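Reader: Could you take me through one part of this model up close, starting from a single side chain and working outward? Keep it relaxed, but give me the cut-offs as you go.

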Amino acid sequence: MEFNIALLKGDGIGPEIVDSAVAVLEKIGTKFGHSFRFTEYKIGGDAIDATGVPLPQETVDGCLASDSVLLGAVGGPKWDTLPANIRPEKGLLGIRAAMGLYTNLRPAKIYPALADKSPLRADMVKNGFDLLIVRELTGGIYFGDRGRREGKYGPEAYDTEAYSVMEIERIARVAMSAAQKRSGKVISVDKANVLETSRLWREVVHRVAEEYEGVTVEDMLVDNTAQQLVRNPSQFDVLVTTNMFGDILSDEASQITGSIGMLPSASLGDGTRGMYEPIHGSAPKYAGTGRCNPIATILSGAMMLRYSFDLAAEADCIEAAVERALNEGCRTNDIAGPEHRVLTCTEMTQAILDRI
């Protein structure tokens, strides 16, 4: 099979980690008989330096013409003084909108070899955990009406949370489909004791769940979910929630795994095309030093194979190679202990390639 992949390397460590993922995908292509064609486009600060804008039209057109997109990272202090409308992050928001990406998938997994890196007590992570947060990405309070006005106590600001039935239905279907391929258990996270949007959210999620055989849904208030994630993360499998709640909970989940450098993500729309990226930032101070961890981007490539190309065996192969490398003591700076030899980004990538 042949696939066209758009590469948005971006800023900071972005080029290094994307190159690592490309090397792994090429090895998978050789092993399984696939052809991946990679085309680079500019985004973020890199695009600003070259074209004056964070998201050139050429990049938008190239991504829309691709089968999927692999992104490194955007941003850095070099561009922090620019006006808000041309900051690097605008490129990221712009490409999500252009591609119609309304779902964000954030897996969070603790590898047994890295259990001692989790900030949670050993007894809390001894059984491991492997959860998936399904976050609605284009609605809710981040996109609602906002402004400033004269209020009861003087000048005030407001942001409006709003969700349509359609927006809830489509994100719920993503979560139910994901659960069917996992344990069949979905936790729907809301604040239905306070918010009307959450009460609608709860109604729609349960109605959609009736369409999916073998899937059960339980409701959990967001404040309790935050507590349970650090108390007993292994109880969770698939969580589905709103834009703001998902933003907060997915960052919390990333921290209990031991390193943000381990976590991939996927942003998806209605078709098979998606955008895949590590959840960490551009880390400009590490650019060119070899100290970055490529695993999150490599695992993002595995997610691309699984969710966009329906190549489950190939994705499993990458994930198994990563786990074998960790089990055999391969470590980058962020996950190393005093007993380990610290590998560079290139060396860790090679260690994973050697185990495919």
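**Starting from Thr59**

Author: Let's begin with a polar contact: the Thr59 side chain gets to the backbone oxygen of Lys42 at 2.5 Å. (A polar contact here is a pair of N or O atoms within 3.5 Å; within protein, one must be able to donate a hydrogen and the other to accept it, and residues adjacent in sequence count only if both atoms are side-chain atoms.) Before going on, a word on the source: this is a predicted model, where local features need pLDDT of at least 70 and side-chain atom pairs count only at pLDDT 80 or more, while totals for chains, interfaces and linings use all residues. Residues are numbered from 1 along each chain as its sequence is written, and side-chain values use heavy atoms, with hydrogens and water left out.

Thr59 itself belongs to helix 3 (residues 57–65); helices (H or I, at least four residues) and strands (E, at least two) are DSSP runs, numbered from the N terminus. Thr59 counts as buried because its relative accessibility is 2%. (Buried means under 20% relative accessible area, exposed over 50%, partly exposed in between, with a 1.4 Å probe and protein chains only.) Leaving aside residues up to four places away in sequence, Thr59 touches Leu8, Tyr41 and Lys42, where contact means heavy atoms within 4.5 Å.

Next along the chain from Lys42 comes helix 2 (residues 44–51), with Gly44, Gly45, Ala47 and Ile48 as its buried residues. These cover an arc of only 160° around the axis, so they sit on the same side of helix 2; the arc is taken from the directions from the helix axis to the C-beta atoms. What they pack against is helix 4 (88–99). After helix 2 comes Gly52, with a positive phi near 90°.

Now for the rings. The structure holds four aromatic pairs. (Rings of Phe, Tyr and Trp, the last by its six-membered ring, pair if their centres lie within 6.5 Å; planes under 30 degrees apart count as stacked, over 60 as edge-to-face and the rest as tilted.) One of them is the stacked pair of Phe3 and Phe309, 4.1 Å centre to centre with 20° between the planes. Phe3 is in strand 1 (residues 2–10) and Phe309 in the loop between helix 10 (295–307) and helix 11 (312–327), so this pair ties together parts 306 residues apart in sequence. Phe3 is buried, at a relative accessible area of 7%, and Phe309 is buried with a value of 7%. Ring pairs also join Phe3, Phe36, Phe38 and Phe309 into a cluster.

Another pair, Tyr163 with Trp201, is edge-to-face: 5.5 Å centre to centre, 70° between the planes. Tyr163 lies in the loop between strand 7 (154–159) and helix 6, and Trp201 in helix 7 (residues 196–209), so parts 38 residues apart in sequence are tied together. Tyr163 counts as buried at 8% relative accessibility, and Trp201 counts as buried at 1%.

Rings meet charges too. The charged end of Lys31 sits over the ring of Phe32, 5.9 Å from its centre, and Arg170 lies over the face of Tyr102, at 3.9 Å from the ring centre. (That calls for NZ of Lys or CZ of Arg within 6 Å of the ring centre and within 35 degrees of the ring normal.)
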